[in-house]
Structure formats: structure tokens, C-alpha cells
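Have a look at the model below before reading on. The notes after it walk through the fold piece by piece.

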Amino acid sequence: KVTINYRHGLPVISLLLPTRSERCQFTVKPLVTTVGAFLQDVQREDKGIQRAEVLATDGSKVSNATLMEVLLMNDFELVLNNTAYKVSPPVKDKLSSEHATEMEDIKALVHRLFVALHLEDHQIRKERELLQKLDHLKEELLPLEQMKSRITENADAKTSRLLWVGLALMSTQGGALAWLTWWVYSWDIMEPVTYFITYGSAMAFYAYFVLTKQDYIYPDAKDRQFLHYFYRKSQSQHFNVERYNKLKEDVAEAEASLRRLRQPLHLRLPIQEINAKD
């Protein structure tokens, strides 16, 4: 009662509608039509069908998401209401290798034509979305940038003052030792004092290493002190550093995507490779 024939390269399923007692043909597109869509078409033709499903030869139900191309590769059962119809699809003639190659070439050509016709519209739409996203991100980032600039200036000023204070203390210490050596005491008395001062400085540098796990290098120490002042000021000013960094990353990602979109030669390249070339 259920037959399948190929007409113009497409399978035509012919079956007898159970409640209407009429024979109906359904032409399906194997690469597009799913089992669920086919069953819905059958139920639309015969409103009296309450149950419609497809079973494999072992009795298991075939998913509605399965493509008809896959279903037609093997025998199956079509269940309409309480009646099961065994279906044996005919063996479709295999395409020759030359014909198959031609079909693949045609598919590739159609794909290239589709891209050529629709790529520009997609680019314009995507570019508009990215520009709107960039405007929104920059608008949200602007007050944070202004606050960060003020905090950075404050932290940099404090760090500079600390460096000048350290220079002043070292100069005072050197002058005091020279005054005590030549005008108050002799070198024999001051030599142990300078030794212990030097040893104490070495202990201080070692303590710095123990606490920070870094050597006492002046640029690194300056940066560390700057960050200390920066984060302390950020907390007092309620500046969200994590939110600021996240916005900066989003802006950089959106700008990279925009550069990639505006360069057709880079459309198929990942953003990381474009950044490396830039």
C-alpha cells in the first residue's frame, strides 16, 4: 500500500490515506525534508490520522529530526493510526564518479554565487551592529576613563613624592655619616656603624624579596608602589577595575572584528591571525 518511486531525481511516496480511502502522493526533498515534516504533511492531508510515526525494522522509533535521505537508505515501517505499513525503498542508482564530481562543482559554484550576492548586505548589517556596539561600549567606558585618569595622576604623584623622599633620606644619611666621621668622631669609630647600616640595608632588601617574591629593582619597586596607591585610591573612589578591564577587552574585540569585516581578504581568517599581522 506504500510505494516509493523516483521522479526527476526526487522520491515520490504514494500511500492510501486510512480514513479518506484515497491514494495520495508526497514528493519529498531528501536533503531538506525531515521525517517529522513528512508525517505532518500526511496528517494535514488526512485529518483523521491521530497517530503517525516511523519505526525501524527492529521496532525502534525513528526520530522526527532524521532526514528523509537517511530514512530511505533502509527498510522501515510507516504507522498510521493502528496500521503498520512495511516500506522497502528502491535502490537508487549510484552516480558515476564523473557525474558526482560535476555535482560537487555545481554545489561549490552555487555557494560562491550565494556568498557573492549576499555577502555585501551581511557585511553592512554586521558593520552597523558593531558600530552601535562600539558606541555603547565607549559611552559606558568614558566616565570610567575619566575617573581612571584622575586616579592615575594621583597615584603617580604620590609615587614620585615617595621617590624624592627616599632620595632626600639617603642624602641626609650620607651627610650625617660624613659629618660624624670628619667633624665629630674618627673613622675608627664610624666604620662599625656604617657596616651595620649596610648590613641592615641588605636585610631590608632580603625582607622585600621574602614578602614580594621579587628582586628589589627600582623600576619594579616603583611600579609596585604605584599599583598599591592606584588600587587603594580606586577603592576609596569606588572605581570598578574589573568592569573597566572587561569593557576595554570588549572594545578591543569589537574593533578587531570591525577591522576584519572591512577587509574582505581577511573574512575567513580568525581574529588572532589578523592581530598578529597588524
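## Ground rules and overview

Two strands are taken as paired if DSSP finds at least two bridges between them. Keep in mind that this is a predicted model.

The secondary structure of the protein chain comes to seven helices and six strands. Reading from the N terminus, the order is β-β-β-α-β-α-β-β-α-α-α-α-α. The protein chain has 278 residues, and 25% of them count as buried. If you take the contacts with a separation of 6 or more, 51% are between residues 24 or more positions apart.

## The S2–S3 hairpin

Strands S2 and S3 run antiparallel and are joined by five bridges. One of the facing pairs is Leu16 with Arg23 in S3. Six residues sit between the two strands of this hairpin, and Ser21 in the turn has a positive phi of about 55°.

Which residues of S3 point to the buried face? Cys24 and Phe26 do, while Arg23, Gln25 and Thr27 point to the other face and are not buried. So much for the hairpin; the sheet comes next.

## The three-stranded sheet

S4, S5 and S6 make an open sheet in the order S4-S5-S6, with antiparallel pairing. S4 (52–56) and S6 (83–87) are the edge strands, each pairing on one side only. Neighbouring strands here are turned by 25° against each other on average, direction ignored. Helix H1 (residues 35–45) packs on this sheet and touches S4 and S5, with its direction at about 140° to that of S4.

S5 (residues 76–80) has five bridges to S6, and five bridges also join S4 to S5. On the S4 side, Ala52 stands opposite Leu80 in S5. On the S6 side, Leu78 is across from Tyr85, and Val79 is across from Ala84. S5 is mostly covered, with four of its five residues buried. The hairpin formed by S5 and S6 has two residues between the strands, and Asn81 in that turn has a positive phi of about 60°.

## Two nonpolar cores

The largest nonpolar core has 24 residues, and those with the most contacts inside it are Leu15, Phe38, Val54, Phe76, Leu78 and Leu80. At least two residues each come from S2 (10–16), S3 (23–27), H1, S4, helix H2 (68–71), S5 and S6. H1 gives the most, with four residues.

Val54 is a handy residue to click on. Beyond its neighbours within four places in sequence, Val54 is in contact with Val35, Leu39, Ser60, Lys61, Val62, Leu71, Phe76, Glu77 and Leu78. There is also a second, separate core of 19 residues, which includes Leu134, Tyr229, Phe239 and Val251.

## Helix H5 and Ser234

How does the length of H5 check out? At 1.5 Å a residue, the 20 residues of H5 (residues 218–237) should span 28 Å, and the end C-alpha atoms are indeed 28 Å apart, so the two agree. Its buried residues are Ala221, Phe226, Tyr229, Phe230 and Ser234.

Is Ser234 buried or exposed? Ser234 has 2% relative accessibility, and buried means under 20%, so Ser234 counts as buried. Leaving out residues up to four places away in sequence, Ser234 touches Ile151, Phe239 and Val241. Just after H5 comes His238, whose phi is positive, near 60°.

## Helix H6

H6 (residues 241–262) passes the length check too: at 1.5 Å a residue, its 22 residues should span 32 Å, and its end C-alpha atoms are 32 Å apart, which agrees. At the N-terminal end, Asn240 acts as a cap, with a side-chain oxygen 3.2 Å from the backbone nitrogen of Glu242.

The buried residues of H6 are Val241, Tyr244, Leu247, Asp250, Val251, Ala254, Ala256, Leu258 and Leu261. It helps to remember that an α-helix has 3.6 residues a turn, so residues three or four places apart point the same way. Val241 of H6 is one of the residues that Ser234 touches, and Val251 belongs to the second core.

Technical notes:
Residues are numbered from 1 along each chain as its sequence is written. This is a predicted model: local features need pLDDT of at least 70, side-chain atom pairs count only at pLDDT 80 or more; totals for chains, interfaces and linings use all residues. Side-chain values use heavy atoms; hydrogens and water are left out. Axes are lines fitted to C-alpha atoms, for helices over the stretch in contact, and angles run from 0 to 180 degrees between N-to-C directions. Contact means heavy atoms within 4.5 Å. Buried means under 20% relative accessible area, exposed over 50%, partly exposed in between (1.4 Å probe, protein chains only). The expected span of a helix is 1.5 Å times one less than its number of residues. A polar contact is a pair of N or O atoms within 3.5 Å; within protein, one must be able to donate a hydrogen and the other to accept it, and residues adjacent in sequence count only if both atoms are side-chain atoms. A nonpolar core is a set of buried Ala, Val, Leu, Ile, Met, Phe, Trp, Tyr and Cys residues joined through side-chain atoms within 4.5 Å.
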